[in-house]
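Work through the exercises below with the model in view. Try each task before you read its solution.

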Amino acid sequence: MTAPATTATGTATADAPAPAPKALYVYGIAPAGVRSPRSPGVDGAPVRLLSQSGLCAAVSDAPPRLRPRRRDLLAHQAVLDELAAQGPVLPMRFAVLSPRPDTLLSQLRSDTAHLTAQLDGVRGCVEFNVKGTVVPGHFADLVRRDDKLRGLALRTRRRPDYEANVRLGEAIALGVRREARRAAREVVDRLAPLAVRTVQGTTDDEQVLSASFLLRSADEERFREAVAARARACGDRLALSVTGPLPCYSFVDPCPTTPAGR
């Protein structure tokens, strides 16, 4: 029989129930055997590894309140960087939680095949993201090259009024965006053959290009050079920016049962 617990004054009390396991903040999943990251995690919590079925999840105790503060976003990234330096990792987005350690271990066990295949798919790879925004200042050249715009500009110049100016402005803006989108397609066409996989992101009227490229690490420099060449070629229509290397967020689907963020 379990001995009764005692208070500080020595008075006997009934056995208290064990405290419920704390929720876990999940950073990513890697093959078992990696070193536990030394970087502190979100809210300064130490990071540990939970291993199951040849896989491990990097976790820390979830903070009482979880907000996207800069220091916590950087801590999340630092943990993933340490894991990625050792091999493939399936990164979680910020604020993914698991309610209990046994829940997470059960998911690693039940989804072993899927997670292992995902890890194999990003082994030796990194992600680069390329964005392109419309350059508005090249409309004079556009008008010279576009017969319809040139005719509209001449009519507006001969009989200027508010409505004519508005029509001309709208037509020019539409033409500028059309040219920028054409340049964006050219960028993707040139860069995609350098990548293992390419994923297109969401765009709008100003940011007409957002694409993520899964690259083998050995191809990083060649990819950067290709981006720089396209930036020079289409700089009058499209302003390019490149971010990376990044964890392969856009190219992993950890599994349908991955715990959702709160």
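## Exercise 1: Two helices and their buried faces

Helix α2 spans residues 101-110, and its buried residues are Leu-104, Gln-107 and Leu-108. The model is predicted: local features need pLDDT of at least 70, side-chain atom pairs count only at pLDDT 80 or more, and totals for chains, interfaces and linings use all residues. Residues are numbered from 1 along each chain as its sequence is written, and side-chain values use heavy atoms, with hydrogens and water left out.

**Task.** Find how the buried residues of α2 are arranged around its axis, and what covers them.

**Solution.**
- Step 1. Fix the terms. Buried means under 20% relative accessible area, exposed over 50%, and partly exposed in between (1.4 Å probe, protein chains only). Helices (H or I, at least four residues) and strands (E, at least two) are DSSP runs, numbered from the N terminus.
- Step 2. Look down the axis of α2. Its buried residues fall within an arc of 100°, so they line one face of the helix. The arc is that of the directions from the helix axis to the C-beta atoms.
- Step 3. Recall the general rule. An α-helix has 3.6 residues a turn, so residues three or four places apart point the same way.
- Step 4. Find the cover. It includes β1 (24-31), β2 (48-52), β3 (55-61), β5 (97-98) and α3 (112-122). Contact here means heavy atoms within 4.5 Å.

**Task.** Which residues of α3 are buried?

**Solution.**
- Step 1. List them: Thr-112, Leu-115, Gln-118, Leu-119 and Val-122.
- Step 2. Check the arc. Seen down the axis of α3, these residues fall within 130°, so they line one face of the helix.
- Step 3. Name the cover. Among the elements over the buried residues of α3 are β1, β3, β4 (90-91), α2, β6 and β8.
- Step 4. Step past the helix end. Just after α3, Gly-124 takes a positive phi of about 75°.

## Exercise 2: Thr-112 and Ser-53

**Task.** What does Thr-112 touch beyond four places in sequence?

**Solution.**
- Step 1. Place Thr-112. The residue lies in helix α3.
- Step 2. Leave out residues up to four places away. Thr-112 then touches Ser-53 and Leu-55.
- Step 3. Check a C-alpha distance. Thr-112 and Gln-52 are 60 residues apart along the chain, and their C-alpha atoms are separated by 8.7 Å.
- Step 4. Turn to Ser-53. It sits in the loop between β2 and β3. Ser-53 is not a glycine, yet has a positive phi of about 55°. With a relative accessible area of 36%, Ser-53 is partly exposed.

## Exercise 3: The loop between β4 and β5

**Task.** Is Ala-95 buried or exposed?

**Solution.**
- Step 1. Locate Ala-95 in the loop between β4 and β5.
- Step 2. Read its accessibility. At 10%, Ala-95 counts as buried.
- Step 3. Read its backbone. Ala-95 has a positive phi of about 80° although it is not a glycine.
- Step 4. Add Met-92, placed in the loop between β4 and β5. Met-92 is buried, with a relative accessible area of 4%. The C-alpha atoms of Met-92 and Leu-80 are separated by 8.8 Å, at 12 residues apart along the chain.

## Exercise 4: The nonpolar cores

**Task.** Which element gives the most to the largest nonpolar core?

**Solution.**
- Step 1. Define the set. A nonpolar core is a set of buried Ala, Val, Leu, Ile, Met, Phe, Trp, Tyr and Cys residues joined through side-chain atoms within 4.5 Å.
- Step 2. Count. The largest core has 23 residues; those with the most contacts inside it are Val-130, Leu-191, Leu-209, Phe-213, Leu-215, Phe-223 and Leu-238.
- Step 3. Assign elements. β6, α6 (162-191), β8 (207-216) and α7 (220-233) give two or more residues to this core. α6 gives the most, with 7 residues.
- Step 4. Look beyond. Apart from this core lies another, of 20 residues, among them Ile-29, Leu-90, Met-92 and Val-252.

## Exercise 5: The chain as a whole

**Task.** How many helices and strands are in the chain?

**Solution.**
- Step 1. Count 7 helices and 9 strands.
- Step 2. Find the buried share. Buried residues make up 40% of the 262 residues in the chain.
- Step 3. Find the cis peptide bond that joins Gly-244 and Pro-245; omega is about 0°. Pro-245 lies in strand β9.
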